[in-house]
Amino acid sequence: MRRRGTAIVIREDRVLLVRDRNMTKYSLPGGKANKNEPSMAAAIRELYEECRMTADTATRIPECDYQGSINQHEVSLLNTADDVILNQKELAEYIWWDMKDDIPCYPHVSKIVNRYFDSSD
């Protein structure tokens, strides 16, 4: 099981999603945590590597963690005022998802996002 630092970035009630090159589905920003790297640090690092966004604040939200068949998503809420500058070597596209539009995303995305909004009510 791979530990993954997964980021939730929200702006104007929309969630940032990214799509890897040569893939058809969207996911939350993030990536594999390095050995001995805290998952929140991995999420911050990956958000910068993928989108050139620097987190102003970060909060680990373990109640949103999700264990898939390959990845253990350890979720953090990251706040940033930066605009997305896509790393086109890694990613093909990004969207700010309103959680209403039916878009092709991995099953864990809506589960993590729903857990976050259910816990923040």
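**A walk around the open sheet and the largest pocket**

Visitor: In which order do the three strands of the open sheet stand?
Guide: We're looking at a predicted model here. Three strands make up this open sheet, and their pairing is antiparallel. The order is E2-E3-E8.

Visitor: Why is one side of E2 and one side of E8 left without a neighbour in the sheet?
Guide: Strand E2 covers 10-11 and strand E8 covers 91-97. Each of them has a single partner strand, so one side of each has no neighbour in the sheet. The reason, then, is that E2 and E8 stand at the edges.

Visitor: Which residue in E3 stands opposite Arg11?
Guide: Start with the strands: E2 and E3 (residues 14-20) run antiparallel, and two bridges join them. Opposite Arg11, in E3, you'll find Arg14.

Visitor: What angle does helix H2 make with E3?
Guide: Two helices lie across strands of this sheet. H1 (residues 39-51) lies across E3 and E8, at about 65° to E3. H2 (residues 107-119) lies across E2, E3 and E8. Its angle to E3 is about 160°.

Visitor: Which element has the lowest mean pLDDT?
Guide: The protein chain averages a pLDDT of 95, with 99% of the residues at 70 or above, that is, scoring at least 70. Among its elements, strand E5 (residues 57-60) has the highest mean, 98. The lowest, at 92, belongs to H2.

Visitor: Which residues that line the largest pocket are the closest to its centre?
Guide: The largest pocket holds about 540 Å³ of space. It is lined by 24 residues. The closest to its centre are Arg2, Arg4, Asn71, His73 and His108.

Visitor: Which element gives the most to the lining of the largest pocket?
Guide: Several elements each supply at least two residues of that lining: strand E1 (2-8), E3, strand E4 (30-32), H1, strand E7 (71-79) and H2. With three residues, the one that gives the most is E4.

Visitor: How many charged residues are in the lining of the largest pocket?
Guide: Sort the lining by class and you get eight nonpolar and eight polar residues. The charged residues number eight.

Key: Residues numbered from 1 in each chain as written. Predicted model: local features only at pLDDT ≥ 70, side-chain atom pairs only at ≥ 80, totals over all residues. Heavy atoms only, no water. Pairing = 2+ DSSP bridges. Helix = DSSP H or I, 4+ residues; strand = E, 2+ residues; numbered from the N terminus. Contact = heavy atoms within 4.5 Å. Axes fitted to C-alpha atoms, helices over the stretch in contact; angles between N-to-C directions. pLDDT = per-residue confidence, 0-100. 1 Å grid on protein atoms, 1.4 Å probe; cavity = no way out; pocket = protein on both sides within 12 Å on 5 of 7 lines; lining within 4 Å. Points joined across faces, edges and corners; volume = space filled by probe spheres on them. Nonpolar A, V, L, I, M, F, W, Y, C, P; charged D, E, K, R; others polar.
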